[in-house]
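Here are some exercises to work through with the coordinates open beside you. Try each task on your own before reading its solution.

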Amino acid sequence: MTPGEKCTVSRCPTWIKSEYALQSNLDIIGKISSNTSILILQGENETQTPVQQAFLLQQKLTDVGHPDHTLITYPDLGHLFYPSSQ
């Protein structure tokens, strides 16, 4: 990037590096304390993170025996819980 150039998601090396360093939620679920309650809220028309991902997360929580987790999905809502028909 040149001096004065704005750092956008697609051109920001710091963001890109941090994104690749993140562990998958499914990889760390077993490390979460059973005292931690988990609430998953998901729009059913989310395009950036499809609703199927929320179901996978819920299944993983069940598989590892996490005692307190809830998934709530919202029909006709997309990213940022904004109305969406897609």
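The exercises below concern a predicted model, and each task is followed by a worked solution.

**Exercise 1. A helix and its faces**

Task: Compare the expected span of helix H3 with the distance between its end C-alpha atoms, then find which of its residues are buried.

Solution:
- Step 1. Helix H3 covers residues 51–63, which makes 13 residues. The expected span is 1.5 Å times one less than the number of residues, so H3 should span 18 Å.
- Step 2. The end C-alpha atoms of H3 are 19 Å apart, which agrees with that expectation.
- Step 3. Taking under 20% relative accessible area as the cut-off for buried, we find Val-51, Ala-54, Leu-57 and Leu-61 buried in H3.
- Step 4. Looking down the axis of H3, these buried residues fall within an arc of 110°, so they line one face of the helix. An α-helix has 3.6 residues a turn, so residues three or four places apart point the same way.
- Step 5. Now turn to the other side of H3: Gln-52 and Asp-63 are exposed there.

**Exercise 2. A nonpolar surface patch**

Task: Which residues form the nonpolar patch on the surface, and which strands each supply at least two of its residues?

Solution:
- Step 1. The patch is formed by Leu-39, Leu-41, Ile-72, Tyr-74 and Phe-81, with about 420 Å² of accessible area together.
- Step 2. Strand E1 (38–43) and strand E2 (69–74) each supply at least two of the patch residues. Ile-72, for instance, lies in strand E2.
- Step 3. Check some relative accessibilities: Ile-72 has 33%, Tyr-74 has 32% and Phe-81 has 40%. Values between 20% and 50% count as partly exposed, so that is the class of Ile-72, of Tyr-74 and of Phe-81.

**Exercise 3. An aromatic pair**

Task: Classify the geometry of the one aromatic pair that the structure holds.

Solution:
- Step 1. A pair of aromatic rings is described by the distance of the centres and the angle of the planes.
- Step 2. The structure holds one such pair. The ring centres of Tyr-74 and Phe-81 are 5.7 Å apart and their planes stand at 85°, so the pair is edge-to-face.

**Exercise 4. Positive phi angles**

Task: What are the phi angles of Asp-76 and Leu-80, and are these residues buried or exposed?

Solution:
- Step 1. Most residues other than glycine have a negative phi.
- Step 2. Asp-76 has a positive phi of about 65°, and Leu-80 has a positive phi of about 60°.
- Step 3. Asp-76 lies in the segment after E2, where Leu-80 is also found.
- Step 4. Asp-76 is exposed at 52% relative accessibility, and Leu-80 is exposed at 73%.

Methods
Residues are numbered from 1 along each chain as its sequence is written. This is a predicted model: local features need pLDDT of at least 70, side-chain atom pairs count only at pLDDT 80 or more; totals for chains, interfaces and linings use all residues. Side-chain values use heavy atoms; hydrogens and water are left out. Patches are made of residues with over 30% relative accessible area and no salt bridge: like charges are joined within 9 Å, nonpolar side chains (Val, Leu, Ile, Met, Phe, Trp, Tyr) within 5 Å. Accessible areas come from the Shrake-Rupley method with a 1.4 Å probe; for residues, only the protein chains shown count as cover. A salt bridge is a side-chain nitrogen of Lys or Arg within 4 Å of a carboxyl oxygen of Asp or Glu. Helices (H or I, at least four residues) and strands (E, at least two) are DSSP runs, numbered from the N terminus. Buried means under 20% relative accessible area, exposed over 50%, partly exposed in between (1.4 Å probe, protein chains only). Rings of Phe, Tyr and Trp (its six-membered ring) pair if their centres lie within 6.5 Å; planes under 30 degrees apart count as stacked, over 60 as edge-to-face and the rest as tilted. The arc is that of the directions from the helix axis to the C-beta atoms.
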